[in-house]
Amino acid sequence: MYQFNLSATKSYMEQLPWAVLTTLGLSALAILLSVLVGLVGSLFRTSRWWALRFLGGAYVEVLRNIPLLIVIYLVYFGLAQIGLRISGFSSAVIALTLNAGAYMTEVIRGGLAAIGKGQFEAARSQAMTPVQVYRYVVFPQVFRIIYAPFGNLCIGVVLGSALASIVGVEDVTSWMHTVGSNSFRYLEAFLMAGSIYLVMAQGVNLLRIGTGKYLLSHSTSATRQ
Amino acid sequence: MQFDDDVTHYWRFFLSGTLTTLWISWLALMLGGILGTVVAHMRMSRIAALRIFALGYTEFFRSIPPLMLFFGSYYGISFALDVNLNPFTSATLALTFTASSLMAEVVRSGIESVGTGQWLAATASAMTRLQVFRYVVWPQALRVCLPPATGVYISTLKDSSVASVIGYIELTRSGLLIRETTGSSFDVFLIIATIYFVINYGLSLCGGALERRFRIVH
């Protein structure tokens with residue numbers, strides 16, 4: 001009979017904060033970079049030139065249809081074979097960014113698509129600079145539309161970052177695997193690591209719901225349409 | 001990029017890996033569809049405890065990385081229950097749970113798309129709750145559910161690549177084995193990536209076609 005014993009994981013507790021930080025850092029870095037990729041990607045997708053539109057569309061479709069694990073392997077093993085040796089952490093960041101960037105492109109594009117051309121023209125005719133147009137007219141409206149899918153995407157990145165453990169990044173999943181294979185306490189380790197992911201994902205989720213509530217209570221009838 | 005002769009010699013393994021991937025994802029989608037339908041009905045139940053359980057269920061599997069589920073079902077269950085789960089069973093279990101939480105949301109939105117007026121009309125026609133579902137709600141919900149269900153299949157197919165880490169020989173694992181034999185990583189993973197892309201892109205096109213075909217014009 002299996003004796004459930006959570007204290008068996010005690011001797012591995014020292015490494016846990018570092019593992020959590022690794023997961024958080026990896027995810028944060030990938031989210032930040034993927035926003036940049038998404039901005040560039042959505043510009044490509046809405047460009048006047050068909051070549052750029054095609055490039056943007058191809059990037060989104062390819063990366064959305066290939067498993068993240070394969071992207072990680074391609075970056076980690078593939079680049080090593082053609083002479084570029086990079087660490088597991090860097091390749092995980094690159095792969096996660098490429099993957100999330102494709103989704104981010106679509107999220108941002110969807111947000112921008114909802115803003116009519118007339119608004120740009122109206123704002124410009126008020127002598128707003130392009131920066132002002134984006135700061136005061138475009139961004140507040142786009143944010144309302146994309147905050148929810150953006151939150152989901154952030155959860156996706158945190159969960160996807162678990163795959164980094166396969167290329168040797170010592171994150172929460174890797175910690176679980178170490179505890180499990182050393183002490184054979186897989187179930188306890190699973191529960192520990194699982195609840196950490198649960199807290200992280202639900203934290204983002206609650207933040208997203210909170211943002212929605214805030215936006216709803218602070219919106220005037222004009223912005224609510 | 002010059003393709004290594006060696007790699008293409010292994011086309012049989014690529015093929016069998018592809019078929020295995022398609023099969024296990026399909027199996028998980030079907031089992032997940034059944035489980036997801038049950039969870040979706042719990043989510044809309046009149047009993048609060050069932051609703052809370054269903055919400056917890058979908059949120060739990062939405063918040064746990066698939067990789068952890070594979071580890072959990074392969075090692076965790078084996079040690080805890082002292083049973084020997086083979087990689088196939090564990091992978092199917094993990095994929096089924098992930099798929100079921102996605103399918104629960106798909107089924108729920110499908111059922112909610114059927115207007116309340118139809119419920120009232122069916123109940124007024126002296127139909128029992130089961131009859132309302134069987135003859136009024138489910139047939140209409142199905143056409144709303146099918147297009148997003150292809151999305152769940154794509155997502156399950158992608159998740160199934162993670163089954164390679166517990167030693168289940170599907171497409172990704174086949175690729176890793178071929179890589180170990182031939183030593184060429186880039187070619188192998190490029191082929192694997194292309195296969196996944198072709199399958200999933202084809203499926204997403206099918207999903208788009210289904211969506212146009214089944215669109216309900218109001």
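## Chain A at a glance

A residue is called buried here if 20 or more other C-beta atoms lie within 10 Å of its own. By that yardstick, 39% of the 225 residues of chain A count as buried. Keep in mind that this is a predicted model.

Chain A is built from 9 helices and 0 strands, so there is just one pattern to read along its sequence: α-α-α-α-α-α-α-α-α. Its C-alpha atoms fill a box of roughly 75 × 50 × 25 Å along the principal axes. Take the contacts in chain A with a separation of 6 or more: 77% of them come from residues 24 or more positions apart.

## Where the two chains meet

Now for the contact with chain B. Chain A brings 32 residues to this contact, and chain B brings 31. On the chain A side, α2 (50-65), α3 (68-81), α7 (172-183) and α8 (186-217) each supply at least two residues. The largest share there, 9 residues, comes from α8(A). Sorted by class, the side of chain A that touches chain B has 23 nonpolar, 8 polar and 1 charged residues.

A good residue to click on is A:I70. Leaving out residues up to four places away in sequence, A:I70 touches B:S161, B:T172, B:F189, B:I192, B:A193 and B:Y196. A:I70 also turns up in the largest nonpolar core, which has 105 residues. The members of that core that touch the most other members are A:I70, A:V71, A:I72, A:M176, B:M68 and B:F70.

## A helix pair in chain A

Two packed helices are described by the angle between their axes and the distance between the axes. In chain A, try helix α1 (residues 16-45) and α7(A): their axes cross at roughly 145° and come within 7 Å. From α1(A), the residues A:L16, A:A19, A:V20 and A:T23 meet A:V172, A:S174 and A:W175 of α7(A). That contact divides into 5 nonpolar, 2 polar and no charged residues.

## A helix pair in chain B

Over in chain B, α2(B) packs with helix α8 (residues 171-182) at an angle of about 155°, and their axes are 7 Å apart. Angles over 145 degrees count as roughly antiparallel, and that is therefore how α2(B) and α8(B) sit relative to each other.

The α2(B) side of this contact is made of B:F13, B:F14, B:G17, B:T18, B:T20 and B:T21, which meet B:L171, B:S174 and B:I178 in α8(B). By class, there are 4 nonpolar, 5 polar and no charged residues in the contact of α2(B) with α8(B).

## Helix α3 of chain B

Helix α3 of chain B covers residues 48-63, which makes 16 residues. From its first C-alpha to its last, this helix reaches 22 Å, close to the 22 Å expected at 1.5 Å a residue.

Which residues of α3(B) are buried? They are B:A54, B:Y57, B:T58, B:F61 and B:S63. These buried residues pack against α2 (11-43) and α5 (87-112) of chain B, and against α8 of chain A as well.

## One glutamate to look up

B:E105 lies in helix α5 of chain B. Is B:E105 buried or partly exposed? B:E105 has 17 C-beta neighbours inside 10 Å, so it counts as partly exposed. Another residue to find alongside is B:E211: B:E105 and B:E211 are 106 residues apart in sequence, and their C-alpha atoms are 17 Å apart in space.

Key:
Residues are numbered from 1 along each chain as its sequence is written. Chains are lettered from A and ligands numbered from 1 in the order in which they are written. This is a predicted model: local features need pLDDT of at least 70, side-chain atom pairs count only at pLDDT 80 or more; totals for chains, interfaces and linings use all residues. Two residues are in contact if their C-beta atoms, placed from the backbone, lie within 7 Å. Helices (H or I, at least four residues) and strands (E, at least two) are DSSP runs, numbered from the N terminus. Ala, Val, Leu, Ile, Met, Phe, Trp, Tyr, Cys and Pro count as nonpolar, Asp, Glu, Lys and Arg as charged, and the others, Gly among them, as polar. A residue is buried if 20 or more other C-beta atoms lie within 10 Å of its own, exposed if 12 or fewer, and partly exposed in between; C-beta atoms are placed from the backbone. The expected span of a helix is 1.5 Å times one less than its number of residues. Axes are lines fitted to C-alpha atoms, for helices over the stretch in contact, and angles run from 0 to 180 degrees between N-to-C directions. Angles under 35 degrees count as roughly parallel, over 145 as roughly antiparallel, 65 to 115 as roughly perpendicular and the rest as oblique. A nonpolar core is a set of buried Ala, Val, Leu, Ile, Met, Phe, Trp, Tyr and Cys residues joined through C-beta atoms within 7 Å.
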